[in-house]
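Work through the exercises below with the sequence and the model open. Each task is followed by a stepwise solution.

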Amino acid sequence: MQFPSRRRKNNINPQTELYGHALQFYGQPPLENISLSEFETFAVDRLKLLKTIENLGVSYVKLSEQYAKKLETEFKNLNFPYRPDADDRKIQSGPSEYEKRRKDHISHFILRLAYCQTEDLRRWFIQQEVDLFRYRFNDLPPKHKLEFLHRNNLQYDTISVEEKKTLLDKLVNSSYAVSGITVEDQDFYKVPFQDALDLVRTRKVYLKAGYVYIPHQDIVTIVLNDFRTRLSKALALTARSLPAVHSDERLQPLLNHLSHAYVGQDYSIQKNVGKISLEQIDSLSGKSFPLCMRQLHQNLRESHHLRHGGRMQYGLFLKGIGLSLEQALQFWRSEFIRGKVDADKFDKAYAYGIRHMFGKEGKRADYTPYSCMKVILSNPPSQGDHHGCPFRHSDPELLKQKLQFYKVSPSGISQILELVKGMHYQLACQKYFELTHNIEEASFSLNHPNQYFIESQRVLGGGKDIKREMDTPQRSQDNAVAKGSGAAREAAANAPQGLAEMTEDLDSFFQDA
Amino acid sequence: MPSSDYDSACLPDLLPLYYRRLFPFSQYYRWLNYGGVQKNYFQNREFSFTLKDDIYVRYQSFSTQNELEKEMQKVNPYKIDIGAIYSHRPNQHNTVKSGTFQALEKELVFDIDMTDYDDVRSCCSAADICSKCWTLMTIAIRILDRALRDDFGFQHLLWVYSGRRGVHCWVCDEAARKLSVAARSAVAEYLSLIKGGEEMVKKVVLMDPIHPFIRESLNVVEHYFPRYALQDQDILGRKESVDKVLALVPEDILFTMHVEKMCSDGGHEGTAKKGQYFEKEIMLQYCYPRLDVNVSKGVNHLLKSPFSVHPKTGRISVPMDLKELDTFDPFAVPTISLICEELDRPRTGEEEEKSEEEKPEDVKEKENEKDTAERRKIRDFKRTSLAKYVKYFDQFLDGMAGSRKGDLLRKSDLQKEF
């Protein structure tokens, strides 16, 4: 039996030349001084990059050709380093490779400040940075990959030639990418399974006695895991030093704005509490609910019950459209009582959960309704469940039948199914919106079930101006703050104006995204 | 084997007897203390009790075995759940600064529930089970046990019958107890092959190459399939269930089969690339274990304790000896009424052990009394049907103790090298 020797990553290995490699683990923070405007530009550019990564990740398979192409364009536009070799040969106008790497370094650390504050922000930031890293690491030529590994002291044991022979069949059958030749030619590393969770989770690797056997070519997943863990720890540390940062008035408005921009609306602040009555829900579900919620509502009415996943997804959605806690309790109670649950049992077993959703129990977290991203990517439904995204989680045949039942035209259905086939689930839902509301093209980019509801109500209510009112007050508020704090500074005279413009740009960027 | 008729109305009378004379407290403590290697391991463990009238209390914790015993004998819980080991004593969690009270470690657990198989069994549904569908549990245990040992390298697995419609697995290795949420979820997903909820018809899709884990699992499934599915469940016996099976066969294969049947051509090959493994997929969809990933993921997730009573059936959640897996009969598991009744039966051929020589001091006399009381307790469950399960539990605990000893020796050997 081997000892669980935790190899220490020597991050203290200082890079002898700064930015000697295109890619880095961001172990050391930047130590230089920079101007406020550079601070802002760098941060905003990186945020745009990460937002692009998020969007591409939902619409395309990660690392597929389309994904890579689109991302590369974005890199070029925003001046981030991507292909070191190609650059060296050409004479380029614009920033040099060194400058791009410097921007990469600094912008990462700035965003850490903005995104370390809450669990949700951290999770989002880590996810996008990991995806970014994955793309860039994959893009490295093999020689550079090795160099990177050695610079960062990733050492695992390789297995002997005899062991490779014995395990040949198993190794070849464990991964689509591993052939007999791969086994012969490449080194195979034996890595404790806890360090290669992504490979274990997807069963893309041979696992024996707690160790995974990875060919050199796949070492990227290990590296990613490492990156993720380090970043997670670093963010936790950063959060602790945040008060000091926030006391600097020049930075606070920008950092706040950056962290709100990522999600836009999260529908956590209930704007219309009590405006919806319970009697309206049935008809609303047919007219203004997205398919996922319509499905959940229907199943609830039919079987007078929903499992936990469904209760969470639907319950939070209802909260988002404006149901109060009292209404919610009444709603669920009256439905469950029609089923196998008596009033007593409901109060004991289910009421607690509903109050929990509204932040009245436990750690009193006011849970936010799930975004499309969350519904599509986490907690997939299993036996007995009706939650999830119908475009993602339903059998295509069943989906078709359902759409027919809901009177979507045959041509509309085939358009939707095409989108589903291409894994564009949110676009498919958007198409469903367009077809059921009889409009040519939706004026918004769907990313949240509650957004669907609001937009639907807007269309049905007489097509008011699409510009969202919520953003305008926020924007002018930011302007005021920026101008106010800038007035006192002599050094950054241009900054407040720039900041206002920049935040306007940022807003419009995210609206179009 | 007969079980006394169990009536849940008798629980208030039976539970005190059970907790006073039958519940194996010293083995239970031995388990959860894990050799006392880590400080406060037992003291920081969360227990939860379900009391009469569905009153549920969480964050129970105890300093010693004795405290646990006294409390359980006082409140006579209907159900006992075991949670995680926390950073502080759970019963003091309100005094801890918010955010610092955290779940640190727990066994890796799995919960297999027969209800999750309702779409593929015809003999029963919901909470019912019978000997025909119990094979599904046997298959699940064989597949998961092998994978957890051979693939993940875990050694100390405790399989427990839940008392009604399923089984639980407690992986007690030190490495398992220290796993993060992400790691637990990865393990559970590695072990999952059935994907899809109510809206999904075809729940298993296999693609080239077939991973060794799937091959091993298929070996188990294929071993049981003919008797279980074709005979006991009779899946090809009625049109309705034949249709269900056919729904899982790819269309082009059906077409080919149809054409070949028309031409009376024997033999066919699944040539379509995508559907080439449809036979295996069908077998897996009918037999492969269905895990609830959410149970396994959470470090703080509470799970029913071994030796807890199931209030609806009266059966004790007993550890299962896998050496006798194929003959395990859930309907032969002792109920609380049976074992309480067995307590009253006159002992056949057993002899009272002579009590120890009398010791003069009071203290020693007290100890003596305690000894005989302990011994009486040992004798008590020994003469009930519970005995063999406690014995097996002892063997399991011996195994873990042996491992701990081995680890210590190796560690000290290493140190000697310097």
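**Exercise 1.** In this predicted model, find which residues touch the most other members of the largest nonpolar core, and which element gives the most to this core.

Solution.
- The largest nonpolar core has 181 residues, and Tyr18(B), Trp31(B) and Leu191(B) touch the most other members.
- Among elements, α4(B) gives the most to this core, with 11 residues.
- Next, take the neighbours of Leu191(B), leaving out residues up to four places away in sequence: they include Phe110(B), Leu144(B), Phe213(B) and Leu291(B), and also Arg203(A).
- Leu191(B) therefore touches chain A as well as chain B, as contact means heavy atoms within 4.5 Å.
- A second, separate core has 53 residues, among them Leu318(A), Met357(A), Val375(A) and Leu403(A).

**Exercise 2.** Describe the area buried between chain B and chain A, and state which three residues supply the most on the side of chain B.

Solution.
- About 3,100 Å² is buried between the two chains, and carbon and sulfur atoms give 56% of this area.
- Glu198(B), Glu199(B) and His211(B) supply 21% of what chain B buries against chain A, more than any other three residues.
- The contact involves 37 residues of chain A and 41 residues of chain B.

**Exercise 3.** Which polar links join chain B and chain A, and which element gives the most to the side of chain B?

Solution.
- The count of salt bridges between the chains is two.
- Arg201(A) forms a salt bridge with Glu189(B), with the closest N and O atoms 3.2 Å apart.
- Polar contacts join 12 residue pairs across the interface.
- Elements of chain B that give two or more residues to the side touching chain A are α4, α6, α7 and α14.
- Of these, α6(B) gives the most, with seven residues.
- By class, this side of chain B has 19 nonpolar, seven polar and 15 charged residues.

Methods
Residues are numbered from 1 along each chain as its sequence is written. Chains are lettered from A and ligands numbered from 1 in the order in which they are written. This is a predicted model: local features need pLDDT of at least 70, side-chain atom pairs count only at pLDDT 80 or more; totals for chains, interfaces and linings use all residues. Side-chain values use heavy atoms; hydrogens and water are left out. Buried area is the accessible area (1.4 Å probe) that two parts lose on being put together, summed over both. A salt bridge is a side-chain nitrogen of Lys or Arg within 4 Å of a carboxyl oxygen of Asp or Glu. A polar contact is a pair of N or O atoms within 3.5 Å; within protein, one must be able to donate a hydrogen and the other to accept it, and residues adjacent in sequence count only if both atoms are side-chain atoms. Helices (H or I, at least four residues) and strands (E, at least two) are DSSP runs, numbered from the N terminus. Ala, Val, Leu, Ile, Met, Phe, Trp, Tyr, Cys and Pro count as nonpolar, Asp, Glu, Lys and Arg as charged, and the others, Gly among them, as polar. A nonpolar core is a set of buried Ala, Val, Leu, Ile, Met, Phe, Trp, Tyr and Cys residues joined through side-chain atoms within 4.5 Å. Buried means under 20% relative accessible area, exposed over 50%, partly exposed in between (1.4 Å probe, protein chains only).
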